[in-house]
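Work through the following exercises with the sequence and the model open side by side. Each task is followed by a solution that proceeds step by step.

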Amino acid sequence: MNIQWFPGHMKESMELLKNSISKANIILEIVDARLPFSSSNPNIKKICKNILKIKILNKNDIADPAVTKAWLDYFKDNNEKALAITGRNPKETKRAIEYCQRITKKNKAQKTKIMVIGIPNTGKSTIINSIVGKKAAKTGNVPAITRHNQRMATKDIDIYDTPGILWPVLEPKLRADILAASGAIASTAMDYNDTGAFTLNFLINNYPDLLKTRYKFDKISSDRTRIIEEIGKKRGCLKKGGKIDIQRAYEMLINELRQGKLGRISFEKPENIEENL
Ligand SMILES: Nc1nc2c(ncn2[C@@H]2O[C@H](COP(=O)(O)OP(=O)(O)OP(=O)(O)O)[C@@H](O)[C@H]2O)c(=O)[nH]1
Ligand SMILES: [Mg+2]
């Protein structure tokens, strides 16, 4: 199945973002640390114009630490400012804000105006709540929770939350698959069998030991169907009559991966991004 998800509200949000971006003197682009390339909206560069931008690699707590380090080196080599954080952790978001304040070199009397942008479900609203110290913005574990721009303020900063925005054609397929597996695509726009098969294959090729440990396999079978059936059996994903519900088993696998239950996993490395261009 071809994955596309660009509903009307995202198109409108993009227009609004274009018209409101100049309110900011610094932009935080929140990407998912597990997929820092694929989770960066290719249209963002154009609209950010000359405004200073920092890439925040969020959800670092569930990304592969060695791969995150490689990404930070990659961004540094490409003269892009980037920080890896865990957005739920106020100490880490404070570090991000202090960094913003340092590099905007603001006139002390003026507030730093920060616009937080990115694709759906990367943790924008969570980061803002952690910065302002209260649950000011609505958050959730499904994409497209934030639907409007919202300004929050502290003594020193104004910070704007914005809706997550994708782009009209998610290509190539590998990029769309990675986005779907990570949780950036609405469940109604993806097929759990397809994304599940992609995810299982990815884990077998890249993190076989994590898969073995989580589902208590002695070895990884060469038969993919058997593996997902075993997972389904272990998680009680059964249909009437005791047959394994493969779709539910895939959904379970994807959800456990998204929650970091298999361990710290990254979907892409800097040396592979050509595959996703
Ligand atoms: N593991 C982990 N989960 C996080 C982190 N930050 C946010 N989340 C989770 O990611 C999910 C999405 O968080 P939100 O803050 O609603 O994301 P958003 O980018 O505002 O999403 P939209 O408004 O839909 O675009 C929630 O389940 C958060 O708890 C983090 O640093 N680590
Ligand atoms: Mg939000």
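The exercises below concern a predicted model, and they move from charged pairs to a metal site and then to individual helices.

**Exercise 1. Salt bridges**

Task: Determine how many salt bridges the model holds, and state where K55 and E29 lie and what their pairing ties together.

Solution. Begin with the criterion, which asks for a side-chain nitrogen of Lys or Arg within 4 Å of a carboxyl oxygen of Asp or Glu. By this rule the count comes to 17 salt bridges. One of them joins the side chains of K55 and E29, with N to O at 3.1 Å. K55 belongs to strand β2 (residues 52–58) and E29 to strand β1 (residues 26–32), so the pair ties together parts that are 26 residues apart in sequence. Next, consider the surroundings of the pair: K55 and E29 are both buried. Finally, extend the view beyond the pair, since E29 and K55 are linked with K53 and E80 in a network of salt bridges.

**Exercise 2. Two further charged pairs**

Task: For the salt bridge of K155 with D156 and that of E230 with K233, establish the distance and the exposure of each partner.

Solution. In the first pair, the closest N and O atoms of K155 and D156 are 3.5 Å apart. K155 is exposed, with a relative accessible area of 71%, while D156, at 34% relative accessibility, counts as partly exposed. In the second pair, the closest N and O atoms of E230 and K233 are 3.4 Å apart. Both residues sit in helix α9 (residues 224–234), 3 residues apart, which is about one turn of the helix. An α-helix has 3.6 residues a turn, so residues three or four places apart point the same way. As to exposure, E230 is partly exposed at 28% relative accessibility, and K233 is exposed with a relative accessible area of 52%.

**Exercise 3. The magnesium ion**

Task: Identify which side-chain atoms coordinate the magnesium ion (ligand 2), and decide whether S125 and T146 are buried or exposed.

Solution. The coordinating atoms are OG of S125 and OG1 of T146, at 1.9 to 2.1 Å from the magnesium ion. S125 lies in helix α5 (residues 124–132), whereas T146 lies in the loop between α5 and β5 (150–153), so the pair ties together parts that are 21 residues apart in sequence. Both S125 and T146 are buried.

**Exercise 4. Helix α4**

Task: Describe the span of helix α4, the arrangement of its buried residues, and what covers them.

Solution. First, the length: helix α4 (residues 90–104) has 15 residues and reaches 21 Å from its first C-alpha to its last, close to the 21 Å expected at 1.5 Å a residue. Second, the buried residues, which are T93, A96, I97, Y99, C100 and T104. Seen down the axis of α4, these fall within an arc of 155 degrees, so they line one face of the helix. The face turned away from that buried side carries the exposed residues K91, K94 and R102. Third, the cover over the buried residues of α4 includes β1, β2, β3 (82–84), β4 (112–118), α5 and β6 (157–161). Last, the two ends: N89 caps the N-terminal end, with a side-chain oxygen 2.9 Å from the backbone nitrogen of K91, and the helix is followed by K105, whose phi is positive, near 45 degrees.

**Exercise 5. Helix α9**

Task: State which residues of α9 are buried, and what they pack against.

Solution. The buried residues in α9 are I227, I228, I231 and G232. Seen down the axis of α9, they fall within an arc of 135 degrees, so they line one face of the helix. They pack against α7 (192–206), α8 (208–215) and α10 (246–258). The face turned away from the buried side carries the exposed residues R226 and K233, and K233 is also the salt-bridge partner of E230. At the start of α9, a side-chain oxygen of D223 reaches to within 3.1 Å of the backbone nitrogen of T225. After the helix comes G236, whose phi is positive, near 70 degrees.

Conventions. Residues numbered from 1 in each chain as written. Chains lettered and ligands numbered in written order. Predicted model: local features only at pLDDT ≥ 70, side-chain atom pairs only at ≥ 80, totals over all residues. Heavy atoms only, no water. Helix = DSSP H or I, 4+ residues; strand = E, 2+ residues; numbered from the N terminus. Buried < 20%, exposed > 50% of the residue type's maximum accessible area, 1.4 Å probe, protein only. Donors = N, O, S within 2.8 Å, 3.2 Å for Na, K, Ca; no water. Expected span 1.5 Å × (residues − 1). Arc of directions from axis to C-beta. Contact = heavy atoms within 4.5 Å. Polar contact = N/O pair within 3.5 Å; in protein donor to acceptor, adjacent residues only side chain to side chain.
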